[in-house]
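Please read this report alongside the sequence and the coordinates. It turns to the contacts with nucleic acid and then to the fold behind part of them.

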Amino acid sequence: MGRARRRHNWKARAGARGAAQARPQEQPREHPVPAELQLGDGAKLKGVDESNALVLPAKKAKPKKAPSAVHHQKKPLSKKQKKNLQKILEQKEKKRQRAELLSKLNEVQASEAEMKLLYTTSKLGVGERMYQSKRVVQEPGSAVPEKIRSISGANKRRHSSESESEEESSSEEEKEEHKQGTETSSASDLNAAEKLEEGTKKPLANQQAVPTAPVCQTASNRLSCKPVIFIPVDRSPEIQEARLKLPILAEEQVIMEAINENPIVVICGETGSGKTTQVPQFLYEAGYTSSNGTIGITEPRRVAAVSMSQRVAKEMNLSHRVVSYQIRYEGNVTDETQIKFMTDGVLLKEIQKDFLLLKYKVVIIDEAHERSMYTDILIGLLSRIVPLREKKGLPLKLIIMSATLRVEDFTENNRLFSVTPPVIQVDARQFPVTVHFNKKTPLDDYSGECFRKVCKIHRMLPSGGILVFLTGQAEVHSLCRRLRKAFPFQKNNNAGVDDDREESVKEIRKFKKSRKQKKATTLPQIDLDNYSVVPVDEGDEDRDAETDDDIAGSDMDLDLGDGDSEEDEKPDSSLPLYVLPLYSLLAPEKQAKVFRPPPPGTRLCVVATNVAETSLTIPGIKYVVDCGKVKKRFYDKITGVSSFRVTWISQASANQRAGRAGRTEPGHCYRLYSSAVFMDFEKFSAPEITKRPVEDLILQMKALNIEKVINFPFPTPPPVEALAAAEELLIALGALKEPPLTGRLKEQQAAKLSCPISPLGRIMATFPVAPRYGKMLALSKQHDCLPYTITIVSAMTVRELFEEFDRPAVSEEETVKLKGKKARLLHIQKIWAGQGALQKLGDLMVMLGAVGACEYAGCTPKFCEENGLRYKAMLEVRRLRGQLTTAVNSVCADTGLYVDPKMKPPTEAQATYLRQVVLAGLGDHLARRVQAEELLDEKWKNAYKTALLDDPVFIHPSSVLFKQLPEFVVYQEIVETTKLYMRGVSAVEPEWIPALLPPYCHFGKPLENPPPSYCPETGRIRCHRPSVFHRVSWQLPAVEVDYPEGIDRYKYFARFLLEGKVIEKLDSYKRCLLSSPLIMLKTWSKLQPRTEALLQALVAEKCDNRDALLAAWKKNPKYLLAAYRQWLPEAMHGDLAKNWPPVL
DNA sequence: GAGCACTGC
């Protein structure tokens, strides 16, 4: 019922908005909701995939960046090509060997989990044979050059030369298909997962065998040979001209032929190649949006989705109704939309509603190299959706776009794509960037090294912006401060500069020497081919380009060791430097400054964290200073405890940073580490999915009925420990059905990693928040708590609600200002925390109070500024509240919920209830204060203990409960810094724990005191049971629960029945009973035949509660009469029989 | 008694 209504609502809403994007009423039952994804390891063919995986560009390969000075440039590098190719192949071979080993390991794991699925496994064998036999016919060795030629335009020949083998394989394919068909019909329970399984093998045939894919083939023939479909686009001349400069335009033919002929294509092209804006246009022009098809493009960031849609609309001269975007909270999609840009999470949610993504003809996954969690999952899902769509005769094209050539995880993974998709490389329009390595790698003072390098660049090198990469806010601010001190400039005539206190400067002088300015036009141009020998640590290769200069170290390398820092620190106002900080949490208006040109006569210097690497592109940067470090969050796979660590970046990251110098003109990148250190960097950083807790992802997948998550074709799978931890948490939250505790241990363990989703889990999965929070929402309908839970959950989900005032100030003046703000925030937080029962909600009450107060005041930037709140965060909370309110309403329409800007604080009772809701969601995040008698060591003073950690944890000093130290608390997260600190803390009453978290408790025998009782409301026996918390065995207060199943429950039921508490009519016989009902419980009760008779009668019909008894009487009105009669004198037997059964 | 990079539903 709930589901039907939900669908109805969705339709109604979509209609009302005039945004009928989907037609959910179409084949509502046909969407295959796979019962599970059963995926075998596809057959692996040695010798073929490694050469086939990387179809090199028709033109050229990018050189490896080994030397100390390297140009990223467009020049063809034919000399090096062979060498590079050799290198690449060597690396690939190594990788392949490793992958083979891994896949063998996976096979072992998978086969253990799949033991009972013999049916599927046997079919897999068939698939393997199919695959191999076909490839043998094709002569694997010749596959690669053939493919390249076909892509570069000689496809007619290819068609004819392959036709023979195609025929052969197709007839074989038909036979196999026939076989499979009979098998299928004999197995009545063939589920959608197995359909998926078949689907995986389909493209093998489709690519090579014409008859099996009539739709696809005709379409491609039409498009590649005789393009009858061509949708004209009316572009303005200026756009047309700009477009023609993009290298990707030259590759249109190649790209479109590859797409027409293959279901899945990989396109590699660095930023600047124009692939994101142009490929959708190619597809549009080729008719992929005709007959109501949509082209969907996913981006990893909201801004990208919005700006790309705007740009493509402009380039194509089409309305936003046709080229649209959809991000979490907003979109301009209409029923006319043909090209849709969206964030990856949006498409993932759409798959939940329509597994086959029927409205799309093409899906493009952009920036796949970033390997965000959602793109990885999308690629895994799409690898199955594409063959399913092909089978339906409604082919879907999948295009994976990547900026790097690291695509082996996609192409060489035949669990993912059994046929290696072609890889097309396109050039980027980038200016050459000269890379300079340090001779020495500073051990820890990279910040100081940055300072010296910037000073030198600024003093000695021609104009052009400087971008410095550091790791965190504090570093950014302190470097800004030092640089501003060293190169001050007058800000009076410039409103754009603030919060810095420079020494006043008399006048801003022009750039120093004319000779230096000359340098701008004579930048060294170095041929990459000169660096076939890798020099170590030497930055002076391009010294020839820059010779006599009276200032030491004035060559482009600036690499003359430790510059005189004393001198550097001395203010030099003749060289004004316009220094700006940049990091993600910086207020947007301050961020925006980096996009504006610097004040005249100054040089721009942006000191940034990693935001500048991918998210934000700063114009006019000519010099990049790269410290080579990044601050990353690490999670403990089992406990989920996180910490922040500064580590070396990857080579890919370093190159991405370097590339930021060549956006508008040739540039230079100064790496503050040696080339030897660089060579030791990882090639790429690990995909996000392998580094994070995955419970949210697992819940989403289970909601798609993917039960055996371990068999899902992840491009890179998460660690098994992480999967197990996620599954365990979801079971404890009640989102997954608990595996049966019967069977052998091995089976039990296997079952534990393939639990189906529960009805509660389905509801939780509809909420776009972490499962723990989803559980809170699912529980909060009672006591009018939903608006509060929604607000708390929103506030916990949005990061960094409060402004950070602990950063080092830029000036003394600012120090005072920050101190004042901090004091003010502390004060107001105390007020928001409330008193009494409210205060026990702890930090969550502070969040609730902050949001409540901010909304009450209209959520103005001024209010936020005055009260230490981040305006951007508060807006996000507001939008998330709106989204969650809608989500809750569509699960449960009768709440009549809305977002109330004037929400009152919760009552004391509500606050208490909220704490219980929070406990139910954060059950695994329970901590108990270390008891006095356990205080063995000073380090445990004021400490808490958790179930999973051996070390002490502490309430964070910023918590409002820091001084209260409640006996039990739950926390939002633990972050390890100097100690393990709990953040987002809320107090818990001990007696709630066994009542609300039974999965985490072990219960003891029912207590005698207080004695068991009969509950008139439920008709069941209740009792008090002591309990302990799992793993740590904390004693918890006894809690009243249903009496545990067993003979004693019957005894108590018999007693209360005799006492007339269960059935009212029996009350009148109570005084005439021949024995006391209490003897039912005595150990010697067996000595009395009437106790035994009554007990046996109850057990026989499983009557240990009122409902069961009433049901038994319905079945047999004489039930229990004989046994009960024995308890009464004979004189009453007649009367008793007349009134039996004693109901009505 | 404190120091958190970056994202997506």
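The sections below describe a predicted model, beginning with the DNA strand and ending with one helix.

## Surroundings of DNA strand B

DNA strand B is surrounded by 38 residues, and the closest of these are S584, K631, D806, T977 and R983. Of the atoms of DNA strand B that come within 4 Å of the protein, 58% belong to sugar and phosphate. Sorted by class, the surface near DNA strand B is made up of 15 charged, 12 nonpolar and 11 polar residues.

## Individual polar contacts

Two of the contacts reach base nitrogens of DNA strand B: a polar side-chain atom of R692 lies 2.9 Å from one base nitrogen, while in P957 it is a backbone N or O atom that lies 3.1 Å from a base nitrogen. The backbone of the DNA is also involved, since T977 places a side-chain N or O atom 2.4 Å from a phosphate oxygen of DNA strand B.

As for secondary structure, the elements that give two or more residues to the surface near DNA strand B are α13 (344-353), α14 (373-391), β13 (629-635) and β20 (980-988). Helix α13 gives the most, with 4 residues.

## The parallel sheet

An open sheet is formed by 7 strands with parallel pairing, in the order β3-β4-β2-β5-β6-β1-β7. Its edges are β3 (323-326) and β7 (423-426), each of which pairs on one side only, and from one strand to the next the twist averages 20°.

Within this sheet, β5 (residues 360-365) pairs with β6 (residues 397-402) in the parallel sense over 4 bridges, and I365 stands opposite I400 in β6. Helix α11 (residues 275-285) packs on the sheet, where it touches β1 (264-269), β2 (294-299), β4 (339-343), β5 and β6, and its direction makes about 160° with that of β6. Helix α13 packs on the sheet as well, touching β2, β3, β4 and β5, with a direction about 105° from that of β4.

## Helix α13 between sheet and DNA

Is α13 mostly covered or mostly open? The helix is mostly covered, with 7 of its 10 residues buried, namely D344, G345, V346, L347, L348, E350 and I351. These buried residues pack against β2, β3, β4 and β5, and against α14, a helix that is itself among the elements giving two or more residues to the surface near DNA strand B. Helix α13 thus appears in both parts of this account, packing on the sheet and giving 4 residues to the surface near DNA strand B.

Methods
Residues are numbered from 1 along each chain as its sequence is written. Chains are lettered from A and ligands numbered from 1 in the order in which they are written. This is a predicted model: local features need pLDDT of at least 70, side-chain atom pairs count only at pLDDT 80 or more; totals for chains, interfaces and linings use all residues. Side-chain values use heavy atoms; hydrogens and water are left out. A residue is near a molecule or strand if one of its heavy atoms lies within 4 Å of it. A polar contact is a pair of N or O atoms within 3.5 Å; within protein, one must be able to donate a hydrogen and the other to accept it, and residues adjacent in sequence count only if both atoms are side-chain atoms. Ala, Val, Leu, Ile, Met, Phe, Trp, Tyr, Cys and Pro count as nonpolar, Asp, Glu, Lys and Arg as charged, and the others, Gly among them, as polar. Two strands pair if DSSP finds at least two bridges between them. Axes are lines fitted to C-alpha atoms, for helices over the stretch in contact, and angles run from 0 to 180 degrees between N-to-C directions. Contact means heavy atoms within 4.5 Å. Buried means under 20% relative accessible area, exposed over 50%, partly exposed in between (1.4 Å probe, protein chains only).
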